[in-house]
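Here's a quick tour of how a ligand and two domains sit together. Take a look at the model first, then read on.

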Amino acid sequence: MAMSQAALKAEQAIGHGDNATTVQDVTNPDITPNAAGEGTMKALAWMGKNKVEVIEVSKPKIMEPRDVILKITGSTVCGSDLHLLHGSVVELQKGDILGHEFCGIVDEVGSEVTKLRKGQRVVASFQIACGNCYYCDKKLSSQCEKTNANTIENAMYGGRTAGMFGYSHFTGGFAGGQSEYTRVPYGDVNLLALPDSVPDEKGLYLSDVLCTSWHAVVDTGVKKGDVVAIWGAGPIGQMAAEFSLINGASRVIMIDQNWRLDFVKDRYPNVDTLDFSSLGKGESVTSKLKEMCNNRGPDVSIECAAGEYAKGWAHYFEMMLGLETDTSELINEMITSTRNFGSCGITGVYVGFTNHFNIGSLMERGIRLIGNGQAPVHLYWESLLKMVEEGKIDPLKMVTHRVRLEDLDKVYYKFDEKADGMQKVFVETQFSAPACKGSPQLKRF
Ligand SMILES: NC(=O)c1ccc[n+]([C@@H]2O[C@H](COP(=O)([O-])OP(=O)(O)OC[C@H]3O[C@@H](n4cnc5c(N)ncnc54)[C@H](O)[C@@H]3O)[C@@H](O)[C@H]2O)c1
Ligand SMILES: [Zn+2]
Ligand SMILES: [Zn+2]
């Protein structure tokens, strides 16, 4: 936390780069100069470590000619939002409006928006892309060079990611969509029209989960016949399991420790599970996976948990003392579990540096360790929308709750505790249509 605020202060002192073509640090219309429109709205804001609050704030307004103002009809909470809640992602500011997965109705368009009109139903990508830089030309939208001018990220990573909605000043500082209205820069690039046949409750997840899970599978290189092991049985891990099978995997094993494994067993009967909290004496995830996979281990391993979740005391204290930002335990477990010359992909969020990395096993056994990156949504969202339309993918499979924006602070805490069987939620606003067929009933908190 101290580091998070120190990074923010350093950024303010050094100043941003000059690469961005859209205004930065627009996380709250009442804090950002010249960002407030007429009237007010409800929004979920970060108020400090482990504290979020539903606040009343000015509506956003068009600031640039390619902006769209979206009236939000659906959003959700992501495992990535927990990294913000916990303060492990740096450079948050009190009052920042969160939420990077949302859909809605076009309410207003800037003078240079050509492809969208008022009243259209659309989903937003979690990243903000300009549409015509080096990476955007290749549809690698998560790495757009023109929407994030953060200097600390550039120095720390040797390059920047794209700007992201509701994801701290580290990624540009943009207000998110856990709100009633959101400003979308480069609206006709970052919004995808939804056909009538795809309700919000299904289209919403093209923002992130579907594209991220698909990317994790194809980028790590799952091939026909592969045995795939997935760490983390949250929504990302579950969809990655489904997409591994669609891409030809012969077997999928999911590793986690809580009721989510029962959820997986129930909804994905052809996926095997491994509960690391119930291992016997002398057993480890690696020894168990070897046992399950011909004593060699899986062909492909995918990390869908995150670097902030330490398993043992050593990394817990090292992180607490600021000696590292992320644990290497999961990555080491993946490396030692995977068969020689197999592949490991990292999709769970890692922020900075880690200790005790098992580079020896990686080198000697020829393990291909792949950072999957923030997933490039624009590369996949059209083809995945088609699969949703055709009924080949049912995003509602991972959705456990329908909740109200007004209750979202309480929902964050429940989601964090994995309480109430809560996994993926659909957050409705006063503008949402009635629940579609197959959606959970509204639950108030
Ligand atoms: N790269 C991207 O573009 C991208 C996009 C979205 C989400 N993510 C990240 O993917 C990760 C998963 O997202 P989610 O929404 O499913 O999160 P989630 O928090 O709902 O699920 C994470 C799961 O990991 C499990 N876990 C924790 N430690 C573990 C361990 N040592 N071994 C096995 N499992 C463990 C937890 O019990 C939990 O069920 C998060 O880190 C999220 O930030 C990345
Ligand atoms: Zn997300
Ligand atoms: Zn770009």
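In this predicted model, ligand 1 is surrounded by 32 residues, and the closest are G79, S80, G232, G234 and A306. Which elements each supply at least two residues of that shell? They're α2, α8 (235–246) and β12 (251–256). The largest share comes from α2, which puts in 4 residues.

Now for the domains. The domain assignment splits the protein into domain 1, made of 2–208 + 376–428, and domain 2, covering 212–371. Their C-alpha centres are 27 Å apart, and the contact draws 19 residues from domain 1 and 19 residues from domain 2. On the side of domain 1 that touches domain 2, two elements give two or more residues: α2 (79–85) and α14 (377–389). Here too α2 has the largest share, with 3 residues.

So why does ligand 1 lie between the domains? Because domain 1 and domain 2 both give residues to the shell around ligand 1.

Here's how the residues break down by class, for the ligand shell and for the domain 1 side of the contact:

| Site | Nonpolar | Polar | Charged |
|---|---|---|---|
| Shell around ligand 1 | 15 residues | 13 residues | 4 residues |
| Side of domain 1 that touches domain 2 | 8 residues | 7 residues | 4 residues |

To pull it together, α2 gives the largest share of the shell around ligand 1, and α2 also gives the largest share of the side of domain 1 that touches domain 2.

How values were computed. Residues numbered from 1 in each chain as written. Chains lettered and ligands numbered in written order. Predicted model: local features only at pLDDT ≥ 70, side-chain atom pairs only at ≥ 80, totals over all residues. Domains from an automatic or database assignment. Contact = placed C-beta atoms within 7 Å. Nonpolar A, V, L, I, M, F, W, Y, C, P; charged D, E, K, R; others polar. Near = placed C-beta within 6 Å.
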